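Hi everyone, thanks for making time. I'll take you through one structure today, starting with a backbone detail and working outwards.

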Amino acid sequence: MTRTNDGPAILVVDDDLDTCRNLADILSDLGYRVTTANDGPSALKLVEERPFDVALLDLKMPGMDGLTLYREIKKRRADTVAIIVTAYAGGGTKEEALAAGAWHVLPKPVDPPKLLGLVDEALEQPLVMVVDDDPDLCQNLWDLLRERGYRVGVAHDEEEAGKRLKDRAFKVVLIDLKLPKGDGNQVFKLVRKNNPEARTVIITGHRSEMEQLVQSVLKEGADAVCYKPFDIPNLLGMLDKLAR
Amino acid sequence: MNADELYRRYQELQQYVGWTADDARRVQSIGRLLDSSLPALVEDFYAEIDRHPEARKVITGGDAQIERLKGTLTQWLRELLSGKYDADYVAQRWRVGWRHVEIGLDQVYTNTALSRLRRGLLRALGDVWTGDFKELLAVRGALNTLLDLDLAIIEDAYQAEYTARQQRSERLAAVGQVAGGVAHELRNPLNVVKTSVYYLLNARNPSPEKRTEHLQRIERHVLVADGVITALSNFAKMPVPTMAPFALAPFLRDLLELNPLPENVKVTIDCLPKTPALLGDADQIRIVVGNLIRNAREAMPQGGQLSITAWPDGDSVQIAVKDTGVGIPKENLQRIMEPLYSTKARGLGLGLAIARAILEKNRGSLKVMSEPGQGSTFTVRLLAAEPADGEQHR
């Protein structure tokens, strides 16, 4: 397993080398593992290689700007919490960044205590993962759970879920039993193997058809089942109990 | 304009149209005659406004305001017929024009409104006049001239106030643009300074090397910030050029040494053999061509071809700096020479604005042609030191 107790991983992206070095110095001094990149494409390469808990992204960079970069990061690893830093005050950029799912937008020059406070807060947010082949449902759950203070990973098939589970320790994994590629039951088994402490919630829209499988997975140790369409308050309440 | 200046201007206009004390007396003589006709004139005036939505919409205070305005108009008519055209009178007229700008009334309504009042006054005068016909013509003439003078002052005030407001908002827009451009360029170095200071104050175990590194970084970025301010103030006060002849080929060679290009950019210099020496301030022109070369390099991050070509053209020399870079979209082409306009992540957006300003002072010019995806060509035109056709520079 690559997941170790080396401390939380932070990605710093800024085209100004000195800004990167300074944030790296401040964060490493506090025990974080810091990786820096000076442009979007090299940052994306890093994200593809390994997960980061928090990404600090400069907004205005040559080539790919910070917001575009965040959108790409989100496609690859939706559970990365992004803090965007910008030298421009005002304009609609802040709203746009927040709408795209960035967590906070901070003005330059950054206030380090504030930034460090946010990083700590992000790290305390429980990690959950949604495994479902429906991208719209994933996006909706992402918005809903992010709003509720979770870090939300997304996987659309068994293979992707397997990769994610090897990379990180999730508190809760929501699994759609019926996946076009692979099968939810297998995903459940992967969770037990790679993330034994993770709680699991089975989600399914085929109540009668899947009932037998649901019951057997519950017997094997799944924590709960949620039928589609979701009873949202119920789902959120259950997650809060399982994750915190 | 203060009240005295206004009055002097009014007197000047009076003189221009041939206004005399007799005219004033004539108008005064009909004041009493017309006084009983004024309420009907005023009523007619506001009834007409009610029929024109564009004029009506500036009256936002409802019937109460219309009643007040009727009072003001009656007062205005009484003053008009008072025979007393002093500084106070002129100041009142000036206020009308000023007020029209404030409430956003189109000037065309002032003209037509005055025309309507003029017709009304002249008709009323005809109705009540019992005297000599020749005198009636003289009185009408005086009244017309007086109204024309009123209109001139009102329009003058309108224009002065309108222009003043326009300039104020343009100035504000310019300040906003400067603030936005400078903000980015200053906040980045400030960000480095601030985070280095934080590190120095709070790091748990900084090594002496780390401390030195951060102190040097602070110093470096103070210089960066200072450079931004220097660039801005240099742009604001560009010195007068010292025009002298200089040869192009060595000039370009030195310039390329100062602005080295990366390996992946191929450079060709092609000066036609008969290209004459240039006339200009070589130090300033170095900034111009240096900016163009730097822009070309930044337009070709993946490499490409930079060609500098020069040829004589009448009493001038043309120097084309051509790249095979990303090119400039048509919609940006109009704006790239504006100060503080930039599409780049870094930089104030002064490079081309400075180039253009320098060339204007050096009696040259700058042109651009660009094709997105193909590249851009910036062409500098400068005077030749010895014109090929023997024409003399003035």
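**Two prolines, two sheets, one interface**

Let's begin with A:Pro109, which sits in the loop between β5 and α5 (112-124) of chain A. Before I say what's odd there, one caveat: what you're looking at is a predicted model. So, what kind of peptide bond joins A:Lys108 and A:Pro109? The answer is cis, with omega at about -5°. Keep that in mind, since most peptide bonds are trans.

There's another one in chain A. The bond between A:Lys228 and A:Pro229 is also cis, and here omega is about -10°. As for where that is, A:Pro229 belongs to the loop between β10 and α10 of chain A.

While we're on backbone geometry, have a look at chain B too. B:Arg363 isn't a glycine, yet its phi is positive, near 55°. You'll find B:Arg363 in the loop between α13 (351-361) and β6 (365-371) of chain B. For context, most residues other than glycine have a negative phi.

Now back to chain A and its sheets. Take the one that includes β5: this is an open sheet of 5 strands, ordered β2-β1-β3-β4-β5, and the pairing is parallel. Which strands are at the edges? Those are β2 (33-37) and β5 (104-107) of chain A, each of them pairing on one side only. On average, neighbouring strands in this sheet are turned by 20° against each other, if you ignore direction.

Zooming in on one pair, β1 (residues 9-13) of chain A runs parallel to β2(A), with 5 bridges joining the two. As an example of who faces whom, A:Ile10 is opposite A:Val34 in β2(A). Packed on this sheet you'll see helix α3 (residues 66-76) of chain A, which touches β1, β3 (54-58) and β4 (81-86) of chain A. The direction of α3 makes about 155° with that of β3(A).

Next, the sheet that includes β10. Again we have an open sheet of 5 strands in chain A with parallel pairing, and the order reads β7-β6-β8-β9-β10. Why do β7 (151-155) and β10 (224-227) of chain A each have one side without a neighbour in the sheet? Because they stand at the edges, and each has a single partner strand. From one strand to the next, the twist averages 20°.

Inside that sheet, β8 (residues 172-176) and β9 (residues 199-204) of chain A run parallel and are joined by 5 bridges. One of the residues to click on is A:Asp176, whose bridge partner in β9(A) is A:Ile203. Helix α10 (residues 232-243) of chain A lies across β8, β9 and β10 of chain A, at about 135° to β8(A).

Helix α10 also takes part in a salt bridge I like: A:Arg148 pairs with A:Asp240, and the closest N and O atoms are 2.7 Å apart. A:Arg148 is in the loop between α6 (135-147) and β7 of chain A, while A:Asp240 is in helix α10, so this pair ties together parts that are 92 residues apart in sequence. Over all chains, the structure holds 47 salt bridges.

Last stop, the interface. Here 26 residues of chain B contact 27 residues of chain A. The buried area between the chains comes to about 2,200 Å², and carbon and sulfur atoms give 52% of it. Which three residues supply more than any other three of what chain B buries against chain A? They're B:Arg187, B:Asn191 and B:Tyr198, with 25% of that area.

Chain B and chain A share 3 salt bridges. For one to look at, try A:Asp18 with B:Arg217, where the side chains meet at 3.4 Å, N to O. There are also 15 residue pairs in polar contact across this interface, both partners at pLDDT 80 or more. On the chain B side, the elements giving two or more residues are α8 (133-202) and α9 (208-236). Of these, α8(B) gives the most, with 14 residues. And by class, the side of chain B that touches chain A has 7 nonpolar, 10 polar and 9 charged residues.

That's my tour. Happy to take questions.

Technical notes: Residues are numbered from 1 along each chain as its sequence is written. Chains are lettered from A and ligands numbered from 1 in the order in which they are written. This is a predicted model: local features need pLDDT of at least 70, side-chain atom pairs count only at pLDDT 80 or more; totals for chains, interfaces and linings use all residues. Side-chain values use heavy atoms; hydrogens and water are left out. Contact means heavy atoms within 4.5 Å. Buried area is the accessible area (1.4 Å probe) that two parts lose on being put together, summed over both. A salt bridge is a side-chain nitrogen of Lys or Arg within 4 Å of a carboxyl oxygen of Asp or Glu. A polar contact is a pair of N or O atoms within 3.5 Å; within protein, one must be able to donate a hydrogen and the other to accept it, and residues adjacent in sequence count only if both atoms are side-chain atoms. Helices (H or I, at least four residues) and strands (E, at least two) are DSSP runs, numbered from the N terminus. Ala, Val, Leu, Ile, Met, Phe, Trp, Tyr, Cys and Pro count as nonpolar, Asp, Glu, Lys and Arg as charged, and the others, Gly among them, as polar. Two strands pair if DSSP finds at least two bridges between them. Axes are lines fitted to C-alpha atoms, for helices over the stretch in contact, and angles run from 0 to 180 degrees between N-to-C directions.
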